[in-house]
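Dear colleague,

Please find the structure we discussed below, handed over for your own work. My notes on it follow directly after.

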Amino acid sequence: MTHCWHDVTPGQNLPRDFTAVIEIPTFSKVKYELDKVTGLLRLDRMLYSAVHYPANYGFIPQTLAEDDDPLDVLVLCQEPVDPLTILDARAIGVMTMIDSGKPDHKILAVAVNDPEYNPYTDASELPPHRLAMLRRFFQDYKMLEGKTVEVEEFQAAAAAFPIIEDSLQRYSSQRRRGFL
């Protein structure tokens, strides 16, 4: 069986373009998370707050972020995408959260094969309200669990590239050493 974290190629034109694996579709209140051992999705929880995911949410394969999970990605496109779907994405920005004291980067991307979103190349091109909604979701979604997070403003695409490269390198290093 293919493991979606270890066996899916992260892409050809990294770090600008990459493959994304979707865990959670847009509008879902269900929090799925990659089971690192099996490569399947595990039901983590139902969101406690009266919010839903504002974009398709997943990760970039063969990456390891500073929070010891695959690097998170929010993929904007017209429709919710089924969990465990792989798609071609382009980084247009990044938002950093501090969650449990660790940086938790969220790469903002667009689906390359979606004609409504593929013209965007930088977060600054999006309507300001769209960015505000995305950011607000992450400020609120853990509130009723009694958890707080710090959420920074979105940064440009150029700020996302070194984060993606670092996560690819961290994964590669840990994989070589037999830790993944």
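**Backbone geometry**

Pro15 lies in the segment before β1, a strand that covers residues 17–24. The peptide bond that leads from Leu14 into Pro15 is cis, its omega being near 5°. Please bear in mind throughout that this is a predicted model.

Two further backbone entries concern the loop between β4 and β5. Gln62 is placed in that loop, β4 being residues 56–60. Its phi is near 55°, which is a positive value in a residue other than glycine. Asp68 is found in the loop between β4 and β5 as well, and it has a positive phi of about 70° although it is not a glycine. Most residues other than glycine have a negative phi, and most peptide bonds are trans. As to solvent, Gln62 is partly exposed, at a relative accessible area of 23%. Asp68 is also partly exposed, with a value of 42%.

**Overall fold**

The protein contains two helices and nine strands. Read from the N terminus, the order of elements is β-β-β-β-β-β-β-α-β-β-α. The radius of gyration is 15 Å, close to the 16 Å that the globule rule gives for 180 residues, so the protein is as compact as a globular protein of that length. The C-alpha trace spans about 40 × 40 × 30 Å along its principal axes.

Of the 180 residues in the protein, 52% are buried. Taking the contacts between residues at least 6 apart in sequence, 66% join residues at least 24 apart. The accessible surface comes to about 8,800 Å², and carbon and sulfur atoms account for 51% of that area. The protein has 18 positive and 27 negative charges, and the mean positions of the two sets are 4 Å apart.

**The annotated position**

Which residue does UniProt list for "binding site"? The residue is Asp72, and the listing comes from an unreviewed entry. Asp72 is in strand β5, which comprises residues 71–76. With a relative accessible area of 8%, Asp72 falls under the 20% limit and therefore counts as buried.

Leaving aside neighbours within four places in sequence, Asp72 is in contact with Tyr57, Gly58, Phe59, Asp67, Asp104, His105, Lys106 and Ile107. One of these partners, Asp67, lies in the loop between β4 and β5. Is Asp67 buried or exposed? At 17% relative accessibility, Asp67 counts as buried, because the limit is 20%.

Not counting residues up to four places away in sequence, Asp67 touches Asp72, Lys102, Pro103 and Asp104. Asp104 therefore appears among the contacts of Asp72 and among those of Asp67, where contact means heavy atoms within 4.5 Å. Along the chain Asp67 and Asp104 are 37 residues apart, while their C-alpha atoms are 6.2 Å apart in space.

**Other positions and distances**

Ala123 sits in the loop between β7 (102–111) and α1 (128–140). Its relative accessible area is 3%, and Ala123 is thus buried. The C-alpha atoms of Ala123 and Ile92 are separated by 5.2 Å, with the two positions 31 residues apart in numbering. Outside its neighbours within four places in sequence, Ala123 is in contact with Ile92, Gly93, Leu108, Leu131 and Gln155.

Ala50 lies in the loop between β3 (41–46) and β4. It is exposed, with a relative accessible area of 80%. From Ala50 to Leu144 the C-alpha distance is 9.2 Å, and the two residues are 94 apart in sequence.

Ser173 belongs to helix α2, which runs over residues 157–176. It is partly exposed, with a relative accessible area of 22%. Ser173 and Val110 are 63 residues apart in sequence, and 28 Å lies between their C-alpha atoms.

With kind regards

Note on methods:
Residues numbered from 1 in each chain as written. Predicted model: local features only at pLDDT ≥ 70, side-chain atom pairs only at ≥ 80, totals over all residues. Heavy atoms only, no water. Helix = DSSP H or I, 4+ residues; strand = E, 2+ residues; numbered from the N terminus. Rg over C-alpha atoms; globule rule 2.2 N^0.38 Å. Buried < 20%, exposed > 50% of the residue type's maximum accessible area, 1.4 Å probe, protein only. Areas by Shrake-Rupley, 256 points an atom, 1.4 Å probe, with all protein chains shown as cover. Lys, Arg positive; Asp, Glu negative; His and termini not counted. Charge placed at Lys NZ, Arg CZ, Asp CG, Glu CD. UniProt positions renumbered as here; feature names shortened; annotations may be inferred.
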